[in-house]
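Please look at the sequence and the structure together before reading on. The paragraphs below lead from one strand to the next.

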Protein chains: 2
Amino acid sequence: MPSPTMKDVAREAGVSTATVSYVLNRKSIVSDETRVRVLEAVERLGYIRNATAQNLRHQRTRLIGFAWSEKARDKPNAILDNFAYHLTRSASEIGCRVLTFTHPDENPIPHYEDLVRTQRVDAFVISGTEPEDPRIHFLMDEGFPFVAFGRSTPGWAFNWVDTDGDAGMAAGVEHLVSLGHERIAMVGWPETSLSGSYRVAGYRRGLDRAGLPFKPDYLVRTLHSEETGREAFARLCALPPKRRPTAVICVSDLVAVGVMHEARERGMRLGDDLSVIGFDDEPMSQYLNPALTTLAQPLDEIASMVITILDDLIAGSTVLHQRLIAPRLIVRESTGQRR
Amino acid sequence: MPSPTMKDVAREAGVSTATVSYVLNRKSIVSDETRVRVLEAVERLGYIRNATAQNLRHQRTRLIGFAWSEKARDKPNAILDNFAYHLTRSASEIGCRVLTFTHPDENPIPHYEDLVRTQRVDAFVISGTEPEDPRIHFLMDEGFPFVAFGRSTPGWAFNWVDTDGDAGMAAGVEHLVSLGHERIAMVGWPETSLSGSYRVAGYRRGLDRAGLPFKPDYLVRTLHSEETGREAFARLCALPPKRRPTAVICVSDLVAVGVMHEARERGMRLGDDLSVIGFDDEPMSQYLNPALTTLAQPLDEIASMVITILDDLIAGSTVLHQRLIAPRLIVRESTGQRR
DNA sequence: TTGTAGGCGTTATCAT
DNA sequence: ATGATAACGCCTACAA
């Protein structure tokens, strides 16, 4: 049998649909007696409002669009997945749900455009942002509400929340310095990576703060993979023995794993001959051998902040929110006193 | 400015909204001349149909509900997250999107009930099923379409797709046997776990097929964690030296990691003194040291199958689909010739 | 305080 | 072949 509608409730309670609506929307103009009659009818019939009809009437869906890029699903991807979870969780706190969709890495716009045009979502949350990100471009152009997890071209006036890679790396360096390390190298991403560049900046700032000079050959830039991490560390090992780093801070856990593998193969004892720090706290990083010291992105906080801003935005606010949230340093076994 | 509606298009083309609708829905009753006029108007105004209105009219949303349980987010959870991704991807192939939501582990029903009652989704995909699963109970009761990733109480007549844990473990054992192992132990989950019991069955079937006897003290049951994996292996090491297993097949990668850690601490060389197999292929498992041999759940296939069944279901089919899909054995370095 | 009625944007039935 | 019109279920001016 089909679900009861407001009409059914109205008939059951002997009132008009308007009255039912008033009761349901807590309009205080209804007499107590009628209200009770209506609520009883609602109860008896097990009536619940149809969301689609409400959506049509209100011209909003209480749905937030969130995309999974189809790229790099072969690599550990816990950050994005975990963020999707926390986003969904936070969204429920403002009475919204998340509509997920996927799109190829090249040419995502049509997928966003369709959702905008068909008015299927009220807003978007985007992640994996890049400089000149076409999605940001498109959404700003459309004046469509969105918040980004991640920054883009500096100066673009859109709402974002991001992990403070700079602060994170600086904290990592500080940790290493406190363990007595002075020859601290970094394995970073290519210069084209925005988040990578913030992390490099943090590395340099960390050195600076400790009064250590920045040495260009201590900074190796490479792609995001285990293999490239190995290679990067091999390059660092090619330095004269006296100049070889005693600690390496990495732009990601995956790269850190590569560094650790290479180090072990060269007979070094991790956390002892060599300290290693990662970034991301991949779920398995705590179970590596040795357990990896790393900088965890506070995805719950980020998601919650994103939703707060979105709520504001949907309500019509026009203030710009741009927020950095510092990662947490999780000290495990891969870092230790300099020997 | 608000989006154009059918009315706007009708005015622009000088026809009625009905005609516009006919054209858009490819009804062949419209004359070529009018069709062209309408399509031009659509083009000029950049008109796209409003999804909510369509939903209301059709009494369907083309949305599939999928829940993330809030439990165990601290443990590696790649299976569920990855499945969510593949589900979203597959759904798009039948023109559906996925609406995600979260719910506490205890008492999930109200969350499902709300979505059913408000008619916000056309169907559900559920995962993390258990025997007597209340969600299955509820949805069957309601006659609401759903497909489960995972089995439940044997005999319950609902649609599901599941990883064939039995076949997977049997294949794992076969691999170990082919390497010359005869003293093969298993670390499994408690008897209450349904998927755990299929995996144990596969372990026993694998032994059987190889003509090896099942020894009760080679089967250790424990919870899903690294620590309990360690303890389980410690228990196996308490056996008399001559009876100690040379290979351990585990119910999950996480447990396998525990086993490997314990083994290493006892001075064993993995893949040499001891072979270890996991289950799940967590993203980082390939980067463990040694890289873990494991059984990968074919989540893309499972998701695709789930969606195919769902499509059938939404179309009104009443056939029961229950499908097992075998995991893939991925041989890495943690298994080797018996010494 | 309650009811009537129009409209949100689309589709489908029935006329013409 | 095309157009009026009545739903789909809800909300809200406005009238009573």
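What follows walks through the protein surface near each DNA strand in turn, and the model shown is a predicted one.

We begin with DNA strand C, which has 27 residues around it, and of these A:Thr19, A:Thr34, B:Met6, B:Tyr47 and B:Arg57 come nearest. Two of these residues can be followed down to single atoms: an N or O atom in the side chain of A:Thr19 is 2.6 Å from a phosphate oxygen of the strand, and for the side chain of A:Thr34 the corresponding distance to a phosphate oxygen is 2.3 Å. The bases take part as well, since a polar side-chain atom of A:Tyr22 lies 3.0 Å from a base oxygen of DNA strand C. Counting the atoms of this strand within 4 Å of the protein, 67% belong to sugar or phosphate, and the rest belong to bases. Among the helices, α4(B) gives the most to this surface, with four residues, and by class the surface divides into eleven nonpolar, eleven polar and five charged residues.

We now turn to DNA strand D, which 27 residues surround, with A:Met6, A:Tyr47, A:Arg57, B:Thr19 and B:Thr34 the closest. A phosphate oxygen of this strand is 3.1 Å from an N or O atom in the side chain of A:Arg49, while another contact, with the side chain of B:Gln59, places an N or O atom 3.0 Å from a phosphate oxygen. Two or more residues of the surface come from each of α2 and α4 of chain A and α2 and α4 of chain B, and α4(A) gives the most, with four residues.

Notes. Residues numbered from 1 in each chain as written. Chains lettered and ligands numbered in written order. Predicted model: local features only at pLDDT ≥ 70, side-chain atom pairs only at ≥ 80, totals over all residues. Heavy atoms only, no water. Near = heavy atom within 4 Å. Polar contact = N/O pair within 3.5 Å; in protein donor to acceptor, adjacent residues only side chain to side chain. Nonpolar A, V, L, I, M, F, W, Y, C, P; charged D, E, K, R; others polar.
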